Amino acid sequence: MEEAKQLFKKLKIHSLLDLALIIPSSYNDTTLSSTLKLGKVNTLEAKVVDTSVYHGKLRVTFNLTRSGRRLSSTFFRVTPYHHKLFETGSNHVIQGKLEEYKGYLQMVQPKSIKQVGRITPKYKTVLKESEIASLLEVYVTEKNLFNEGLDSKEVATLMHIHFPKSLEEVYENGVFKPDLVDVLKFVEAFNHLKKLRGKKVDFPALRALKGDIKPFVENLPFTLTAEQKEVITQIQIDLASEERAAKRMVVGDVGSGKTMVILASVMMALPYKSILMAPTSLLALQLYEEACKHLPKDVKVALVMQGKDEGNYAQADFIIGTHALLYKEDLPQASLVMVDEQHRFGTKQRQSLEALMSGEGKKPHFIQFSATPIPRTQAMMESELLDVSLITTTPFEREVLTQTISRQDFPDLLTHIKEEIAQKHQVLIIYPLVEESSEVPYQSLDESREFWESKFENVYVTHGKDKQKEEILLEFREKGDILLATTVVEVGISLPRLTLIVIVGAERLGLATLHQLRGRVGRNGLKSWCYLYSNTQANDRLTQFTKTTNGFDIAKLDLKFRDSGDILDGTMQSGQRFKWLDMAEDEKVVEYAKVRVKSAY
Ligand code: ADP
Ligand code: MG
């Protein structure tokens, strides 16, 4: 038992189904072949009738017992062992690829098989073959698999895969049969969902929150979209519970209007306090401004940032801040905790704010907001752990024309940039690197800077490690024409006059990143352009990207292309990787697995 535990640890597995899902990479089959199959591996009874040595190679002539035909074999790396093994007159069961040459049967370097009639699965793991084989034998039993909640077909399939009676049962043309693969997909999804469900723990809420959102909604200069309303209703139901603290993630594209959901939630929390953490001070400031603008005047809003005058935040109804919040010793307890752009925080940071507000086994209601759309399958998976709301539409259609361009389009690009600036619009140019590198076939920020500064006025430059980044962005927002940057602007600030973005070396970036970058332009409905600058030939991924602006479709595309290997920024949402399950295509499988997990618990 203890020994098995060590082995499980080495395999990095945590459940019986993890073990059952260690699938053979191939099989060793020593069943005697019933007929001679040319071009295939055959297992044949044979007697040595002659041997000879030729240029250091050993030539053995066999007489095949069943067919009576002759077969000759050549051994290249010969040792005394071979001579002894294949003594004239000795009987063997030989295995190897059978070929015919001018009417003579041949087999190159056959093995002499000791145990006939065995199918041995081969596993590629860190364990010794005997170790993994014995683990599987002991633990992957029908009884154990049934206990995991699988049905008889699924159990039978896994048993066939690990302990096949004949290879025809599992293989077709050297790959697993489609119906087996379907079962493997299901088991993978089922196993993953079961684990998530096992991790889910609910806590009682500090209190039920039932504040009226009407004074806020009725004063908005626009009506909420159907999806905004739906999410708000979901949150109302969440927050009205005292038995269970809400745990929800609201996922919506940049510009989908998540801030309104945040503000409506603040209303629900009244007369109790809400707190919101944002990843940058700029974003915190923007949220603060929007809160002041849209919330009824009697709602007290406070902003907490490092080094800024914090005022009397202890009295506020709604406290907005950066991670600086985590270091305040006198934060009042809020009944509702929210985190905006949650993917910009580490898990620890996100949870510590929630923890700060917890007490006596009770937790605040907790809502996170994410601007990184995830594929529906992934949302379905994650909703096993926390509730997920998707906002898939934006309040107004943004007009952003996306195009791939290359060197010969540069003069046209310059003309277009001048036109935009002449209309008091702003331009953003994204470079792959700050400094020159021999590995990247594009200009860096440093190299190109001089060119832009010589041709244009009001050129601003910043990048991810730039300490002045936020100040520069703020100044650019007021006075700039062109901003040169790396992908720093990915999330955060809103630049309402930005109408043209050029992404240099676009093929090097993941679609999620490209989508975030494109989301920077046209925020206020101005007609905008996104140019994907690339030296490479037509790129299917980029072409497909130019055709859609919906983040959820793009998340799916990203999945489809993520193994194409040319994406260097690793922005693909972490999400679990599956061997059999295709997160882009297998929505039905995940859906079914969810039903099964639900009924099993
Ligand atoms: P997100 O945080 O999801 O990226 P925001 O909340 O910043 O998006 O909203 C983007 C813009 O859309 C803001 O200017 C906001 O005022 C506006 N907006 C939000 N909801 C609506 C709506 N229902 N109708 C019109 N405009 C809206
Ligand atoms: Mg936002």
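Colleague: How many salt bridges does the structure hold?

Modeller: Side chains of opposite charge can pair when their charged atoms come close. In this predicted model, a salt bridge is counted when a side-chain nitrogen of Lys or Arg lies within 4 Å of a carboxyl oxygen of Asp or Glu. On that basis the number of salt bridges in the structure is 22.

Colleague: How many residues apart are Asp151 and Arg596, whose side chains meet in a salt bridge?

Modeller: The side chains of Asp151 and Arg596 come to 3.9 Å, N to O, which is inside the limit of 4 Å for a salt bridge. Asp151 belongs to the loop between α5 (142-147) and α6 (152-162), whereas Arg596 is in helix α20 (residues 587-600). The pair therefore links distant parts of the chain, and the separation is 445 residues.

Colleague: Which residue offers a polar backbone atom to an oxygen atom of ligand 1?

Modeller: Around ligand 1 there are 17 residues, of which Thr223, Gln228, Gly255, Lys258 and Thr259 come nearest. An oxygen atom of the ligand is 2.7 Å from an N or O atom in the side chain of Lys258, and a polar side-chain atom of Thr259 also lies 2.7 Å from an oxygen atom of ligand 1. The backbone contact, at 2.6 Å from a ligand oxygen atom, comes from Gly255.

Colleague: Which helix gives the most to the shell around ligand 1?

Modeller: Ligand 1 sits in the second largest pocket, and the residues of its shell divide into 6 nonpolar, 7 polar and 4 charged. The helix that gives the most to this shell, with 3 residues, spans residues 258-269 and is α10.

Colleague: Which peptide bond is cis, with omega near 5°?

Modeller: Most residues other than glycine have a negative phi, and most peptide bonds are trans. Lys12, in the loop between α1 (2-11) and α2 (16-20), has a positive phi, near 60°. Pro271 is in the loop between α10 and β12 (274-277), and the cis bond, with omega near 5°, runs from Leu270 to Pro271.

Technical notes
Residues numbered from 1 in each chain as written. Chains lettered and ligands numbered in written order. Predicted model: local features only at pLDDT ≥ 70, side-chain atom pairs only at ≥ 80, totals over all residues. Heavy atoms only, no water. Near = heavy atom within 4 Å. Polar contact = N/O pair within 3.5 Å; in protein donor to acceptor, adjacent residues only side chain to side chain. 1 Å grid on protein atoms, 1.4 Å probe; cavity = no way out; pocket = protein on both sides within 12 Å on 5 of 7 lines; lining within 4 Å. Sits in = over half its atoms within 2 Å of the grid points. Helix = DSSP H or I, 4+ residues; strand = E, 2+ residues; numbered from the N terminus. Nonpolar A, V, L, I, M, F, W, Y, C, P; charged D, E, K, R; others polar.
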